[in-house]
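Trainee: I should be grateful for a close examination of one part of this model, namely the surroundings of the first ligand. Please set that site in the context of the rest of the chain.

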Amino acid sequence: MTALTYPASHLPPATPERCSGLQTVTLFCSEPLLLDCGQAVTHVRVAYHTYGEAREDATLVLHALTGTSAVHEWWPEFLGEGRPLDPTRDFVVCANVIGGCAGSTGPAELASVGGQDASLSLRDMARVGRALLDHLGVRRVSLVGGSMGGMLAYAWLLECPDLVEKAVIIGAPARHSPWAIGLNTAARSAIQAAPGGEGLKVARQIAMLSYRSPESFALTQAGQRSPGTPAITSYLQYQGEKLHARFCERSYVALTWAMDMFQPTDDELRSIRAPVLVVGIRSDVLYPPAEVQGYAALLPHAQYWELDSVHGHDAFLMDAQDLPERVRAFLS
Ligand SMILES: CC(=O)SCCNC(=O)CCNC(=O)[C@H](O)C(C)(C)COP(=O)(O)OP(=O)(O)OC[C@H]1O[C@@H](n2cnc3c(N)ncnc32)[C@H](O)[C@@H]1OP(=O)(O)O
Ligand SMILES: N[C@@H](CCO)C(=O)O
C-alpha cells in the first residue's frame, strides 16, 4: 500500500499567535433572519476563527461539507506567512456555517416545521456570514472556498455582490448535477434507514468513494488489510467511524440538502461581475473538471485552472501541489 504524502507536514505550523482561537457571537438578536424556507429565526450563534489583525478588507474562507472554522487544522499549506492566506498581511476569517455542527447554530436548535428540521439554503448561510462580517467591521471581502465552500462562494457572489471583491472557487459546480444529488440522496437514505449513527457511517462510505478516484484507491488501498478483509473495505469502515465521531447526522442531511437545492440559473451566473478563479481537479469524479470549467465559462470575469492530481475531489485538501501558489497569485 502506497502512503500518501501530505506536504503540510513538512511546513512549519500556521502562526498560532495570530489565530484568535474559536470564538462565538450571537447575531440576529433584534432583527430576525428570514430563511429562504420562510421561517424567521433569531439569536443565531456563529462559531468562527480569525487570523491576523482586524481590517475593513478581509479574506473569508468557506469550509467544505464536514469542515470547521479552524483553517489551521485542515488547510495548513494555505495559511501562514508567504502563503495565500497570510495573517501577517491579511485579515482571514472562517466561520462554521449555520446548520453545521462545529459551534454554529445547528438543525436541532432551529424550530422544526411539521416535525421536520427547517430547510436551510446556501443563500441563508451567506446572509449569516454577511452579518458576521458586519459584526467584525469588514466592508470588502475576498472569498476562498472548496467543495461545498466553493458552492457557497457562488451563493455569496449572487447574494452579496456589493461586498465581494474576488473569489476563488475550488472543485465546485455552481449547481448540483443529478449525479451529485443522487449520491447525496443515497447518503441521506442511509441516514433515514439507520438513524442514530450507523446510517451516517454508510453515508460517509458512499461519499468517500466520490471524494477519491479509482486511480487513487488503486495506489493507496490495493490488496488486503488483514486476511479476508480488502484494504478498501476496512478503509471505508474506518472513515465511517471517524466521521461518526465528529459529525452530526442532522447537519449532514441539512447541508447536503442545501447543496442539492442550490440551482442558480445561467443568467444569474452571467450577472456576476467579480473576478473569479475557478479550479477544477483532473480526477474529480464528483464534480468532473469539464463540469466545473463549464460554469467558469458562464462567468464574465473568470479564469480556469486545473489541479493535476490522481487523488480526486479531496485533492484540494490532501494533494494541493501548485494550488496554494495559484491562489496566492490571484488574491494578491
Ligand atoms: C478533528 C478533525 O478531524 S478536524 C477535521 C475537520 N475536517 C475537515 O476539515 C474536512 C476536510 N477533511 C477531510 O475530509 C479529511 O480529513 C482529508 C480529506 C483532509 C484527509 O482524510 P484522511 O482520512 O485524514 O486521510 P486518508 O484518506 O489518507 O486516511 C487516513 C486515515 O485512514 C487510515 N487508513 C488508511 N488506510 C486504511 C485501511 N485500509 N483501513 C483502515 N484504516 C486505514 C489511516 O491510518 C489514517 O488514520 P488516521 O486518520 O487515524 O490517522
Ligand atoms: N472531504 C471534505 C470535502 C467534501 O466535499 C469534507 O469532508 O468536507
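Mentor: The model is a predicted one, and the shell around ligand 1 comprises 18 residues. The closest of these are Gly-67, Trp-74, Ser-234, Tyr-235 and Leu-317. Classified by character, the shell around ligand 1 consists of 8 nonpolar, 6 polar and 4 charged residues.

Three helices each contribute at least two residues to this shell: α1, spanning 71-74, α7, spanning 231-246, and α11, spanning 315-318. Of the contributors, α7 gives the most, with 6 residues.

The site also concerns the domain organisation. The domain assignment divides the chain into domain 1, made up of 7-176 and 263-331, and domain 2, covering 180-250. Each of these two domains provides at least three residues of the shell around ligand 1. The centres of domain 1 and domain 2, taken over C-alpha atoms, are 24 Å apart. Where the two domains touch, 16 residues of domain 1 meet 13 residues of domain 2. On the side of domain 1, the residues that touch domain 2 comprise 7 nonpolar, 7 polar and 2 charged.

Ligand 2 provides a second point of reference. Gly-67, one of the closest residues to ligand 1, also belongs to the surroundings of ligand 2. The other residues around ligand 2 are Ala-64, Leu-65, Thr-66, Ser-147, Met-148, Tyr-211 and Asp-314. By class, this shell holds 4 nonpolar, 3 polar and 1 charged residues.

A helix pair completes the picture. Helix α4, residues 178-193, packs against helix α8, residues 249-261, at an angle of about 155 degrees, and their axes lie 10 Å apart. Angles over 145 degrees count as roughly antiparallel, and α4 and α8 are therefore roughly antiparallel to each other. Their crossing is left-handed. From α4, the contact is formed by Ile-181, Asn-184, Ala-187, Arg-188 and Ile-191. From α8, the partners are Glu-249, Tyr-252, Val-253, Thr-256, Met-259 and Asp-260. In terms of class, this contact of α4 with α8 contains 6 nonpolar, 2 polar and 3 charged residues.

To return to the part requested, the shell around ligand 1 draws on both domain 1 and domain 2, and α7 is the helix that gives the most to it.

Notes. Residues numbered from 1 in each chain as written. Chains lettered and ligands numbered in written order. Predicted model: local features only at pLDDT ≥ 70, side-chain atom pairs only at ≥ 80, totals over all residues. Near = placed C-beta within 6 Å. Helix = DSSP H or I, 4+ residues; strand = E, 2+ residues; numbered from the N terminus. Nonpolar A, V, L, I, M, F, W, Y, C, P; charged D, E, K, R; others polar. Domains from an automatic or database assignment. Axes fitted to C-alpha atoms, helices over the stretch in contact; angles between N-to-C directions. Parallel < 35°, antiparallel > 145°, perpendicular 65-115°, else oblique. Left-handed = near helix turned anticlockwise from the far one by under 90°. Contact = placed C-beta atoms within 7 Å.
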